[in-house]
Amino acid sequence: MIACAVVVPQPPLLVPELVAGAAVRTAAVREAAVAAARALARVSGRWLAVGVGEHRETVESVSRGGFRGYGVDVAVSLSATRPPRQGTAPADLPLSALVAGWLREQAGAESVRVEIVPRHAAVAECAELGQALATADERALLVLGDGSTRHPAAPPGWPDSRAETFDAGVRAALAGADTDGLLALSPELAAELQADGRAAWQVLAGLARAEPGWRGEVTYSAAPFGVAYHVATWTRS
């Protein structure tokens with residue numbers, strides 16, 4: 001049964017080798033995500049993760065992959081007993097699983113199993129998956145997903161004035177472990193704002209609603225490159 005959940009973003013820029021020229025500018029969100037992952041590893045070394053992708057799938061902890069498609073061939077493994085292997089095609093794993101594997105390595109966790117939910121999944125579908133995962137064998141949950149890509153620092157012509165209000169609501173819901181607030185996020189608005197994390201956050205809400213008694217804390221929330229990144233921890237009282 002899940003006792004602790006950590007919410008992190010999933011941009012490739014978390015991996016310093018992929019942003020060699022901007023490692024300092026990306027350090028704050030990276031450090032927050034890694035710190036949260038390490039705290040999760042102190043709860044349990046066996047993780048369950050929920051990420052966002054094109055379609056519903058399960059990525060087992062025996063999987064390996066790499067970030068070659070994002071510029072540098074940084075290999076990752078979802079299990080400490082299966083060392084990463086250079087030259088692995090990035091298509092083997094969706095981005096959520098790659099980032100989950102990378103964070104597992106940074107935190108020294110034993111393994112991570114990743115459940116991928118479609119980015120356009122309906123609210124009820126997300127909540128139902130969360131409810132099903134509430135009784136998982138793992139005690140630690142990693143939730144991966146980004147906020148809106150359309151904040152003021154986005155490229156000219158791309159910002160949307162609704163982005164700040166949307167992510168302020170996400171921040172408040174994560175800080176308050178507010179399942180109703182997360183489930184109230186509109187899939188249509190999230191899609192327009194390109195906030196792919198919406199589906200994963202609503203899986204978390206479904207899980208927490210099935211097993212109530214949670215409290216939340218946000219340790220990072222900003223949109224340094226026009227994209228909102230949230231890092232939060234939920235623990236059961």
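S111 is buried, with a relative accessible area of 11%; buried means under 20% relative accessible area, exposed over 50%, and partly exposed in between, using a 1.4 Å probe and protein chains only. This is a predicted model, in which local features need pLDDT of at least 70 and side-chain atom pairs count only at pLDDT 80 or more, while totals for chains, interfaces and linings use all residues. Residues are numbered from 1 along each chain as its sequence is written, and side-chain values use heavy atoms, with hydrogens and water left out.

S111 belongs to strand β6, residues 111-118. Helices (H or I, at least four residues) and strands (E, at least two) are DSSP runs, numbered from the N terminus. Leaving out residues up to four places away in sequence, S111 touches G45, R46, W47, S61, L78, S79 and R104. Contact here means heavy atoms within 4.5 Å.

One of those contacts, R104, leads to helix α2. R104 is among the buried residues of α2. The helix runs over residues 95-107 and includes A100. Its 13 residues should span 18 Å at 1.5 Å a residue, and the end C-alpha atoms are 18 Å apart, which agrees. The expected span is 1.5 Å times one less than the number of residues. Helix α2 is mostly covered, with 11 of its 13 residues buried. They are L95, S96, A97, L98, V99, A100, G101, W102, L103, R104 and A107. After the helix comes G108, with a positive phi near 75 degrees.

A100 shows the setting of α2 at one residue. A100 counts as buried, at 0% relative accessibility. Not counting residues up to four places away in sequence, A100 touches W47, A49, V112, V114, L142 and L144. V114 lies 14 residues from A100 along the chain, and their C-alpha atoms are separated by 7.7 Å.

Now turn to helix α4, residues 162-175. Its 14 residues should span 20 Å at 1.5 Å a residue; the end C-alpha atoms are 20 Å apart, in agreement. The buried residues of α4 are A163, F166, D167, V170, A173 and L174. Seen down the axis, they fall within an arc of 115 degrees, so they line one face of the helix. The arc is that of the directions from the helix axis to the C-beta atoms. An α-helix has 3.6 residues a turn, so residues three or four places apart point the same way. What covers this buried set includes β1 (4-8), α5 (179-183), α6 (187-192), α7, β8 (214-222) and β9 (229-236). Just after α4, A177 takes a positive phi of about 50 degrees.

Among the covering elements is α7. This helix holds residues 197-210, 14 in number, and reaches 20 Å from its first C-alpha to its last, close to the 20 Å expected at 1.5 Å a residue. In α7, 12 of the 14 residues are buried, so the helix is largely enclosed by the rest of the structure. W201, Q202 and V203 are among the buried residues of α7.

Strand β9 also helps cover α4. Of its 8 residues, 6 are buried, so β9 is largely enclosed by the rest of the structure. Two strands pair if DSSP finds at least two bridges between them. β9 pairs with β1 in the antiparallel sense over 4 bridges, and V7 stands opposite A232 in β9. β9 also pairs with β8, again antiparallel, over 8 bridges. S221 has H230 in β9 as its bridge partner. β8 and β9 form a hairpin with 6 residues between them, and G226 in the turn has a positive phi of about 90 degrees.

C4 sits in strand β1. At 5% relative accessibility, C4 is buried. Its contacts, leaving aside neighbours within four places in sequence, are L40, V43, R139, A140, L141, W214, T233, W234 and T235. C4 and S237 are 233 residues apart along the chain, yet their C-alpha atoms are separated by 10.0 Å.

Ring contacts come last. A search of the whole structure finds 1 aromatic pair. The rings of F67 and Y70 have centres 6.1 Å apart and planes at 65 degrees, so the pair is edge-to-face. Rings of Phe, Tyr and Trp (its six-membered ring) pair if their centres lie within 6.5 Å; planes under 30 degrees apart count as stacked, over 60 as edge-to-face and the rest as tilted. F67 is buried at 0% relative accessibility, whereas Y70 is partly exposed at 38%.
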